[in-house]
Amino acid sequence: MKTVIVRECGPENPDCDYLLDLTKTEVKDCIGCWTCWLKKPGSCAHKDLDDFYRAFLSADKLIIFSKANQGFVSGNMKSLFDRMIPLYLPYINYKKGESMHFPRYEKYPDIEVYYEGSFDTDEEKDIYEAYLNRLLYQFLCEHYVIKPISEYTAAPATAGNASKSASKGLIIMNGSPNAARGNTEVFIRKFIEGMQEDQENQNVCGVNEVAYAAKEDHEALAEKLQEHDEIIISFPLYVHAMPGSVKKVLECMKPVEGSGKRMGFIIQYGFMEGAQSDYVVRYLKSFTKKMNYELIGIAVHGGSAGVSMMPEKMNKKLFTDLKELGSGYSRDGSFSKEVVAELRKPEHLTKGQCHMYDFMGKLGLTDGMFWNMQLKKNNAFDHRYDRPYIG
């Protein structure tokens, strides 16, 4: 049996056929370039994981020794998960009653995850395990297990320090790897427009700054965020959670002393269902509480893959909702529950909708139209099913 191991804790010299040691390797963040889907199908623009991809795809089993950080997978591990996307096709499959990507390869190895880390509550531990279960299910693993590292080896626990409070207005962080060039920026700008439309009834400070996770040092950005009284973090959903680069910023944040500081989140992604965000929403609620912040709200919206490329009139309803979200926050200091509920729709796809989208996909009338058009534009259409990491 061929075994691949990814470790950021656990045994230092494990017996395996291939080792990716994250205690010594910083995985490059996904930059959201879509090269792996649209320009050179199946191949990541970065080359630091090429050997890992080949080992993973030829393995019978992958063992992951994961070190929980702030109640979630670490930023480095999250970047690794984000970078698994080249191993799957961009086309969406609805046969299991929800949005999932088609496999690029015929088989994937079984996966065992052993995790180390302390959790403040049972709920925090459940959030961590639930996310990993969802991740491995979406990675099309036929067999996987998730266990504490105590069932593999002994594990020490760690604790963090609290930071002092600061005093500034509102800062918004754009967590997209594409910085100001992607869909997340559109969401932020429409939200800000809504804030500015109702200035007479404004009860919160205006936006002091929009910062970009893709352009700043993680520690410096975390410090900048915590200098403000209000933080709103917006990002695209990557592999059912925040991009690894965003998690690395969150890892640098520390619990604040006292109370009164507040944090909110705006998340956008391509899958249609609001429920696709449930795993990261649970974690963000837990994280906000851990940092001793009050929650402004968490707004999510699916079906957003092409927002930045569409004419504004095609997004009229979405933009209206985002502006209402901004004006409500400016007026009330929180996200309107009604607007948040509207943005989440549809919560799930019905069986009838899944059958319809599946049929339309076979006719080339769903997301495949966009992917195929871009592939042809990049002279990559004939290579769309390439499997560059085997054979």
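Reader: Before anything else, within what distance do heavy atoms have to lie for two residues to be in contact, and which residues does L87 touch?
Author: Contact means that heavy atoms lie within 4.5 Å. The model considered here is a predicted one. When residues up to four places away in sequence are not counted, the residues that L87 touches are Y53, F56, L57, R104, Y105, Y108 and Y389.

Reader: Which members of the largest nonpolar core touch the most other members, and which helix gives the most to this core?
Author: The largest nonpolar core has 78 residues, and those that touch the most other members are F52, L87, M242 and M253. Among the helices, the one that gives the most to this core spans residues 122–138 and supplies six residues, and this is helix α4.

Reader: How many residues does the second, separate core have?
Author: This core is separate from the one already described, and L170, V186, I192 and I296 are included in it. Its size comes to 25 residues.

Reader: How many helices and strands does the chain have, and why can it be called as compact as a globular protein of its length?
Author: The secondary structure of the chain comes to 12 helices and 12 strands. For 391 residues the globule rule gives 21 Å, and the chain is as compact as a globular protein of that length because its radius of gyration is close to that value, at 21 Å.

Reader: What percentage of the contacts between residues at least 6 apart in sequence join residues at least 24 apart?
Author: The chain has 391 residues, of which buried ones make up 54%. Turning to contacts in the chain between residues at least 6 apart in sequence, the share that joins residues at least 24 apart is 79%.

Reader: Is A59 buried or exposed, and which residues does A59 touch?
Author: A59 is found in the loop between α2 (50–58) and β3 (61–67). Residues under 20% relative accessible area count as buried, and A59, at 0% relative accessibility, is therefore buried. Leaving out residues up to four places away in sequence, A59 touches K2, V4, K107 and P109.

Reader: Where is R83 found, is R83 buried or exposed, and which residues does R83 touch?
Author: R83 is found in the loop between α3 (75–82) and β4 (88–93). Its relative accessible area is 2%, so R83 is buried. With residues up to four places away in sequence not counted, R83 touches V27, K28, D29, C30, C44, H46, D48, L49 and Y53.

Key. Residues numbered from 1 in each chain as written. Predicted model: local features only at pLDDT ≥ 70, side-chain atom pairs only at ≥ 80, totals over all residues. Heavy atoms only, no water. Core = buried A, V, L, I, M, F, W, Y, C linked by side-chain atoms within 4.5 Å. Buried < 20%, exposed > 50% of the residue type's maximum accessible area, 1.4 Å probe, protein only. Helix = DSSP H or I, 4+ residues; strand = E, 2+ residues; numbered from the N terminus. Rg over C-alpha atoms; globule rule 2.2 N^0.38 Å.
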